[in-house]
Every structure is written in C-alpha cells, then in structure tokens.
Amino acid sequence: MPESSRRDEYLLLSRGQWDPGKSSEEIQSAIDRFYIWYERLVAQGTFKRGHRLATGTMLVSRQGVTDGPFTEAKELIAGYTLIQVRSREEALEWSRRFPNPAGNGKEAVIELRQLIELDEFPPSDGIERFKQLDAERGA
C-alpha cells in the first residue's frame, strides 16, 4: 500500500522557563540546542510556525480582566511550535527531541495537541458555514 500523503498538524506547547541559576554560557548552550532542533524541523519541511510567549497572562471574561501569571513557573507555557507531520509517532518523536530551556540533560515538558480539520467533524450547517468562511478568506 502506498504511503499516505496526508500530513496532520500538531501543536507543541513547551512548558517551563530559563533556570535563573544557570550561567549565561549554559543559557546560550540551551538556545543553541533549540536552534539545532528548529533548523532540523525547517530542513525537513515540518515547521509551520512558532513563537515564544510572554510570561504575563490575562484571564478575560464578561466579568472583566484579571492579570496573571496564574501557574507555577514549571507549568508556564513558554512557547509554541506548529508542525506538520505524517503520523502521530513522528509528532511524538519531534516532541521528545525538544531541548529543555532549563538545561542540558533535563527532560523538557511538552504538551502535544493535534489540530482537527473541519472535514473530521460530522456534516452540519455550522461546519459548512466555517468551510465557506475559510474559502472566502483563501484558507
């Protein structure tokens, strides 16, 4: 059976932040490891998008806005990377290779979430409207 050309998108949410006890050389080493990982993603055509996130957060509701942060530093979502891969296993492998900003040898905590395409939902008027809106904006 031929290999499927379908490529699923996954969101990698990296948790944690720089260890304040690390030297500037150790932090630079962590940054270098990240860019090696990132360059491999790009070279294989897997990388879609990604950004580091600010540590300040806000909870927004109809009752108002509450400034954060709201979680412990180790649970803080530090950034995200959107990848496009052939399988769940490939997404897991990229997640396992993600370098930990806290230092070499420490395991990174990555939350991995698959994006769901509209075609995966049962047909409905709402889904058809979303598809129409996507088509209108050229998505």
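In the predicted model, Glu 111 is partly exposed, with a relative accessible area of 23%, a value that falls between the 20% below which a residue is buried and the 50% above which a residue is exposed. The side chain of Glu 111 forms a salt bridge with that of Arg 15, and the closest N and O atoms of this pair are 2.4 Å apart. Because Glu 111 belongs to strand 6 (residues 109–114) and Arg 15 to strand 1 (residues 8–15), the contact ties together parts of the protein that are 96 residues apart in sequence. Arg 15 likewise counts as partly exposed, at a relative accessibility of 24%.

Glu 111 also meets the side chain of Arg 113 in a salt bridge, with an N to O distance of 3.3 Å. Arg 113 is partly exposed as well, its relative accessible area being 48%. Through the partners that these salt bridges share, Arg 15, Glu 111 and Arg 113 are joined into one network.

A further salt bridge is found in helix 2, where Arg 97 pairs with Glu 93; here the closest N and O atoms are 3.5 Å apart. The two residues are four positions apart within the helix, so that about one helical turn separates them. This spacing can be read against the geometry of the α-helix, in which there are 3.6 residues a turn and residues three or four places apart therefore point the same way. Both partners count as partly exposed, Arg 97 at 39% relative accessibility and Glu 93 at 33%. The total for the model comes to eight salt bridges, among them the pairs described above.

Helix 3 (residues 125–136) comprises twelve residues and reaches 16 Å from its first C-alpha to its last, which is close to the 16 Å expected at 1.5 Å a residue. After this helix comes Gly 138, a residue whose phi is positive, near 80 degrees.

With regard to confidence, the mean pLDDT of the protein is 84, and 87% of its residues reach 70 or more. Confidence is highest in helix 2 (residues 88–97), at a mean of 94, whereas strand 3 (residues 58–61) has the lowest, at 84. The salt bridge between Arg 97 and Glu 93 thus lies in helix 2, the element in which confidence is highest.

Definitions and conventions:
Residues are numbered from 1 along each chain as its sequence is written. Side-chain values use heavy atoms; hydrogens and water are left out. pLDDT is the predictor's confidence in each residue, from 0 to 100. The expected span of a helix is 1.5 Å times one less than its number of residues. A salt bridge is a side-chain nitrogen of Lys or Arg within 4 Å of a carboxyl oxygen of Asp or Glu. Buried means under 20% relative accessible area, exposed over 50%, partly exposed in between (1.4 Å probe, protein chains only).
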